[in-house]
Amino acid sequence: MNKYLKPALLLTIIIQLTVPTFMIASRYYILRTGEEYLFRVTPIDPYDPFRGRYVTLNITQRLWGQGSYGIIEVDQDGFATIVALTATKPENSPYLRSSQQGWFTSPVDRYYMNENFAPEAQRLFWQETRDSEKEVYVAVRIKNGELVISGLFIEGVAIEEILRK
């Protein structure tokens, strides 16, 4: 066996284990240490053969301006909105980074669920929110402009808890 083959194989294995571990650890760190915000959403349930079942979360807010940092403010009801864009990273206010320059694209767009629960969740969303003004929102954790979704709620009750009943 080639003398370089074993070290190259070992290095490849280490890299393949390190990269996903780092990605998972960084998301977990945000969940544990990030500040919680609530965003109102409109749920839609698509199916993608490559991504599986998930609930698309539509934040109806669109914001145009210069920059890629969205400044977050919380209203009197406790829900967060992006109120302005800036080109420089804010020092004293919470913010989210947008992947687009010049307009804010929300990173809150999908909530993945067990594929057996997603169709029932969609039916529940339409049934619960169609004829009433029930609040559907997503709880997120934000740290240093990075966001991780921690839960999806209807009127303060987690969707998974509603589906178990």
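Student: Is Arg32 buried or exposed?
Tutor: Let's start with the cut-offs: buried means under 20% relative accessible area, exposed means over 50%, and partly exposed is in between (1.4 Å probe, protein chains only). Arg32 sits in helix H1 and has a relative accessibility of 60%. That value is why Arg32 counts as exposed.

Student: What kind of model is this?
Tutor: Residue numbers start from 1 along each chain as its sequence is written, and side-chain values use heavy atoms, leaving out hydrogens and water. Local features need pLDDT of at least 70, side-chain atom pairs count only at pLDDT 80 or more, and totals for chains, interfaces and linings use all residues, this being a predicted model.

Student: How many helices and strands are there in the protein chain?
Tutor: Helices (H or I, at least four residues) and strands (E, at least two) are DSSP runs, numbered from the N terminus. With those rules, the protein chain has 3 helices and 13 strands.

Student: Which strands stand at the edges of the open sheet?
Tutor: Two strands pair if DSSP finds at least two bridges between them. In the open sheet, 4 strands follow the order E1-E11-E12-E13 with antiparallel pairing. One side of each edge strand is left without a neighbour in the sheet, because each has a single partner strand: these are E1 (35-40) and E13 (157-158).

Student: In E11, which residue is the bridge partner of Arg40?
Tutor: Strands E1 and E11 (residues 136-143) pair in the antiparallel sense over 6 bridges. Arg40 lies in strand E1, and in E11 its bridge partner is Tyr137.

Student: At what angle does H1 run to E12?
Tutor: Axes are lines fitted to C-alpha atoms, for helices over the stretch in contact, and angles run from 0 to 180 degrees between N-to-C directions. Contact itself means heavy atoms within 4.5 Å. Helix H1 lies across E1, E11 and strand E12 (146-154), and its angle to E12 is about 60°.

Student: Which residues form the nonpolar patch on the surface?
Tutor: Patches are made of residues with over 30% relative accessible area and no salt bridge, joining like charges within 9 Å and nonpolar side chains (Val, Leu, Ile, Met, Phe, Trp, Tyr) within 5 Å. Accessible areas come from the Shrake-Rupley method with a 1.4 Å probe, and for residues only the protein chains shown count as cover. One member, Leu11, lies in helix H1 (residues 5-33). Together about 530 Å² of accessible area belongs to Leu11, Ile15, Val19, Phe22 and Met23.

Student: Arg40 forms a salt bridge with Asp75, but how many residues apart in sequence are the parts they tie together?
Tutor: A salt bridge is a side-chain nitrogen of Lys or Arg within 4 Å of a carboxyl oxygen of Asp or Glu. For Arg40 and Asp75, the closest N and O atoms are 3.6 Å apart. Arg40 lies in strand E1 and Asp75 in the loop between strand E6 (69-74) and strand E7 (80-86), so the parts they tie together are apart in sequence by 35 residues.

Student: Which residues share a salt-bridge network with Arg40?
Tutor: Arg40 also forms a salt bridge with Glu135, with the closest N and O atoms 3.2 Å apart. Glu135 lies in the loop between H2 and E11, so this pair ties together parts that are 95 residues apart in sequence. Salt bridges that share partners join Arg40 into one network with Asp75, Asp77 and Glu135.

Student: What is the N to O distance in the salt bridge of Glu146 and Arg97?
Tutor: Glu146 is in strand E12 and Arg97 in strand E8 (residues 95-97), so the pair links distant parts of the chain, 49 residues apart. Glu146 counts as partly exposed because its relative accessibility is 29%, and Arg97 counts as partly exposed at 37%. From N to O, their side chains meet at 2.3 Å.

Student: In the hairpin of E6 and E7, which residue takes a positive phi?
Tutor: Strands E6 and E7 pair in the antiparallel sense over 6 bridges, and the bridge partner of Tyr69 in E7 is Thr86. The hairpin has 5 residues between the strands, and the positive phi, near 95°, belongs to Gly78.

Student: How far apart in space are Ala118 and Leu163, C-alpha to C-alpha?
Tutor: Ala118 is found in helix H2 (residues 118-130) and is buried, because its relative accessible area is 0%. Ala118 and Leu163 are 45 residues apart in sequence, yet C-alpha to C-alpha their distance in space is 9.7 Å.
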